[in-house]
Amino acid sequence: GLLAVGVSVLRFSVRGSIRKPCALHGWTAAFVVWASLSLAWTRDAAMTLSRMGSYVQLSIMAWLIWELARTEKRWTALLYAYCMGACVSSIEAISNLAMGVSVASGNAQDVYTRYAPSGFDQNEFALLLALSIPMAVYLLTLRQSLKAATLCWAQLLLGTVAILLTGSRAGVISLAVAFTILPFALPMLRGWKRRICWVALPCVAVCAVLLVPATTWERLLTTG
């Protein structure tokens, strides 16, 4: 991240101009300021500072994308990169399932098994993967190579299973919201892609039932 910022600053200094921010950047900045004000009443200053750092980084990233990815080719490449990273992380979560490496919850009374890559919080990981679902579906509506389409289909399958493996109820809700893009995207899919979609969706459901442990399903089906 720091390397990208450094290169961008160098680019700006050479060009001498930047792209005019839009209203979204103003709302993003306002949110960061509001989150910073929560230091006045937070009970966990360390956690709040950590969150503030994450919000600032995300704001900078959003601005860098706005500044550097000005063409459809560039921001489409970013979507593919995100889906590829999400696919790799999904594979790691499923590998942890195969090896029996679950995430410790810190609660001795928690009997549910949850899986995520090392270094990831289960809930945050599930939300990050949920973001990749509409990206993958959108990319499928574009003209693309067979390899690119395979990446998107793979992420729809692996990402869905990995989200369920986290045992995150917020992640499952986000997954459900992400899949609401399908009714709008299906009419835009070409013939062979549409046929694959009708085959892939049942495959996703079958893999979810077969791979996700019963204890994880028990947690997902609870509300407390």
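A residue is called buried when its relative accessible area is under 20%, exposed when that area is over 50%, and partly exposed in between (1.4 Å probe, protein chains only). With that in hand, R70 is a good place to start: R70 is partly exposed, with a relative accessible area of 37%. The model you are looking at is predicted, so local features need pLDDT of at least 70 and side-chain atom pairs count only at pLDDT 80 or more, while totals for chains, interfaces and linings use all residues. Residues are numbered from 1 along each chain as its sequence is written, and side-chain values use heavy atoms, with hydrogens and water left out.

R70 has a charged partner. General chemistry tells us that side chains of opposite charge can pair when their charged atoms come close. Here, a salt bridge is a side-chain nitrogen of Lys or Arg within 4 Å of a carboxyl oxygen of Asp or Glu, and the count by this rule comes to two. One of them joins R70 to E67, with the closest N and O atoms 2.7 Å apart. E67 is buried, at a relative accessible area of 0%, whereas R70 is partly exposed.

The other salt bridge links the side chains of R51 and E124, at 3.0 Å from N to O. R51 lies in helix α3 and E124 in helix α5, so the pair ties together parts that are 73 residues apart in sequence. Helices in this account are DSSP runs (H or I, at least four residues), and strands would be runs of E with at least two; both are numbered from the N terminus. R51 is partly exposed, with a relative accessible area of 37%, and E124 is partly exposed as well, at 36%.

Let us follow E124 into its helix. Helix α5 covers residues 122-140. This helix has 19 residues and reaches 27 Å from its first C-alpha to its last, close to the 27 Å expected at 1.5 Å a residue; the expected span is 1.5 Å times one less than the number of residues. At the N-terminal end of α5, D121 acts as a cap, with a side-chain oxygen 3.0 Å from the backbone nitrogen of N123. The buried residues of α5 include F125, L129, S132, I133 and L140. Among the elements that cover the buried residues of α5 are α4, α6 and α9 (191-211).

Which residues does S132 touch, once its neighbours within four places in sequence are left aside? They are Y82, C83, A86 and Q155, where contact means heavy atoms within 4.5 Å. S132 counts as buried because its relative accessibility is 0%. A polar atom of its side chain lies 2.5 Å from the backbone oxygen of L129. The side chain of S132 also makes a polar contact with the side chain of Q155, at 2.8 Å. A polar contact is a pair of N or O atoms within 3.5 Å; within protein, one must be able to donate a hydrogen and the other to accept it, and residues adjacent in sequence count only if both atoms are side-chain atoms.

Q155 brings us to helix α6. Q155 is buried, with a relative accessible area of 0%. Leaving aside neighbours within four places in sequence, the contacts of Q155 include C87, S90, L129 and S132. Helix α6 (residues 146-165) has 20 residues and reaches 28 Å from its first C-alpha to its last, close to the 28 Å expected. Of its 20 residues 14 are buried, so α6 is largely enclosed by the rest of the structure. After α6 comes G167, whose phi is positive, near 70 degrees.

Now to helix α4, where M84 has its place. M84 counts as partly exposed at 48% relative accessibility. M84 and A154 are 70 residues apart in sequence and 9.5 Å apart in space, C-alpha to C-alpha.

Our last stop is on the surface, where L58, M61, I65, W75 and L78 form a nonpolar patch with about 440 Å² of accessible area together. The elements that give two or more residues to this patch are α3 (45-68) and α4 (72-99). The largest share, three residues, comes from α3. Patches are made of residues with over 30% relative accessible area and no salt bridge: like charges are joined within 9 Å, and nonpolar side chains (Val, Leu, Ile, Met, Phe, Trp, Tyr) within 5 Å. Accessible areas come from the Shrake-Rupley method with a 1.4 Å probe, and for residues only the protein chains shown count as cover. L58 is found in helix α3 and counts as partly exposed, at 49% relative accessibility.
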